[in-house]
Each structure stands twice: as structure tokens, then as C-alpha cells.
Amino acid sequence: ANSNMAEGILLYSTCNNNTLSSNTASTNNTNGIFVTLNSDSNTVNSNTTNSNSGGIVINSNSKSNIVSGNTANSNTQVGIGLYSSYYDTVSGNTVNNNSNAFDSATGVYLSACTSIIVNNNTANSNYYGVHLLASSNYNAVTGNTANSDSVGIKVDQGSYNSVRNNTTASNNIAGIHILGNSFGANADSNFVLQNQISGNDTGVW
């Protein structure tokens, strides 16, 4: 599913209990794989989604999906992106070299997500390795490797997240960055524990 005008593979609106496995969805104008609009309990594994805008994207109240063992490299926005999603697992993926001219491309990106497990992913040489944004709360980021990014792992305006047992090394700005803002979007009660943090400009900021 390569070089299409929009998505390579699309699950749209209450598409539940499907398996997308061992596909190649690359060089599409939007997303390699897109799961959206209340699409629940799908498995997306062992796919290659390179050089799209987004490699694998799940959004719009889609729940309990498993994204595992995929390769999502060299996309211009996100390797794997979850938006307004809940109870998903993102595990064992490789998301490297996602980049754009605006210093925002991310390996694994969560926006307004709750109760997501992000574990054992490799997210190297992106702007952000793993980025939680916009009231992403109660998520677990564990056992990931985020090296040679600008920021290895960033929690931005999210609370009650656990960042544990990750490796963040040789990042240009920070290994781990926790950030709120002055408009009431706080970053409170996050737990940063037992991470291997070395060779960054700043370890934890």
C-alpha cells in the first residue's frame, strides 16, 4: 500500500477486532496506517510504514488497540501517533529518523491520551523520541530507548504519568523533559524513576 494520495491502509469508523500484519505502507501522502473514529481492539503488528506524513496513527476515541513490532522510520510528522485514544499499547516498535523542518517530528506521540502503555520501543534520531502532550494523563512510558534525539522523552502538560526504566542518551537538549505552562495546563505528579540517563545536554529538566 505505497505511494497513495491519502492513506496507505485505513480503518474508518467502528472498525473493531481487525488485524493488520506484515504490510508495507510507505511513501503515502498522509498516513501509512490510519485507525480512526471509535475503532477498537485492533492489532497492528509487524508492518513497515516509512516516509509518510505519519507512519501509524490512531485517533478519535479509538480504544484498546495494540501497535507492536512495527517499523515506522523517516516520516515527516510522527512515527506512531495516538490522538484522543485510550487503553492502547505501543510496544516493541522501531521509530527512528522521523524529521521535518519545524523541529517537531516525533517517534511516539500521544496527544490527549489516557492509560496508554508505551514500552520497549526504540526511538532514536527524531526531534522528540517519545512526546506526551495536551493533557495526556495516567500513561506508562517504560523500557524505551530514546537516544540521539533533541529530547529523548517529553511530558508536556500531562499529569500522573510514569516514566520508568528508559534509556535516554546523547540527546541535544534533554534526556527527559517535564513541562507545564503558565495558563493552567500543569504537569503534576509525574513519576520519573530508575531511568538510565547519560551524555545529554541536560539529564532531567
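What share of the contacts in the chain with a separation of 6 or more comes from residues 24 or more positions apart? Such residues account for 50% of these contacts, and this is worth keeping in mind while moving through the model, which is a predicted one.

**The whole chain**

Begin with the full chain selected and coloured by secondary structure, which comes to 19 strands and 0 helices. The radius of gyration is 16 Å, close to the 17 Å that the globule rule gives for 205 residues, so the chain is as compact as a globular protein of that length. Turned along its principal axes, the chain has C-alpha atoms that fill a box of roughly 40 × 30 × 25 Å. If you switch on the surface, you are looking at about 8200 Å² of exposed area, of which carbon and sulfur atoms supply 45%, while buried residues make up 47% of the 205 residues.

**The open sheet**

Next, select strands 2, 4, 6, 8, 10, 12, 14 and 17, which in the order 2-4-6-8-10-12-14-17 form an open sheet with parallel pairing. At its edges are strand 2 (19-21) and strand 17 (191-193), each of which pairs on one side only. Looking from one strand to the next, you should find a twist that averages 5 degrees. To see one pairing in detail, zoom in on strand 2 and strand 4 (residues 43-45), which run in the parallel sense and are joined over 3 bridges; here S21 stands opposite N45 of strand 4.

**The aromatic pairs**

Now show the aromatic side chains, among which a search of the whole structure finds 3 pairs. One of them is formed by Y83 and Y109, whose ring centres are 5.4 Å apart and whose planes lie at 55 degrees, an arrangement that counts as tilted. This pair links distant parts of the chain, with Y83 in strand 7 (residues 78-83) and Y109 in strand 9 (residues 106-111), 26 residues apart. Y83 is partly exposed, with a relative accessible area of 26%, whereas Y109 has a relative accessible area of 13% and is therefore buried, the cut-off being under 20%.

Finally, select Y138 and Y160, whose ring centres are 5.0 Å apart and whose planes are at 5 degrees, so the pair is stacked. This pair, too, links distant parts of the chain, 22 residues apart: Y138 sits in the loop between strand 11 (128-133) and strand 12 (140-142), and Y160 in the loop between strand 13 (151-156) and strand 14 (162-164). With the surface shown again, Y160 can be viewed as a partly exposed residue, at 42% relative accessibility.

Methods. Residues numbered from 1 in each chain as written. Predicted model: local features only at pLDDT ≥ 70, side-chain atom pairs only at ≥ 80, totals over all residues. Heavy atoms only, no water. Phe/Tyr/Trp six-rings, centres within 6.5 Å; stacked < 30°, edge-to-face > 60°. Helix = DSSP H or I, 4+ residues; strand = E, 2+ residues; numbered from the N terminus. Buried < 20%, exposed > 50% of the residue type's maximum accessible area, 1.4 Å probe, protein only. Pairing = 2+ DSSP bridges. Axes fitted to C-alpha atoms, helices over the stretch in contact; angles between N-to-C directions. Rg over C-alpha atoms; globule rule 2.2 N^0.38 Å. Contact = heavy atoms within 4.5 Å. Areas by Shrake-Rupley, 256 points an atom, 1.4 Å probe, with all protein chains shown as cover.
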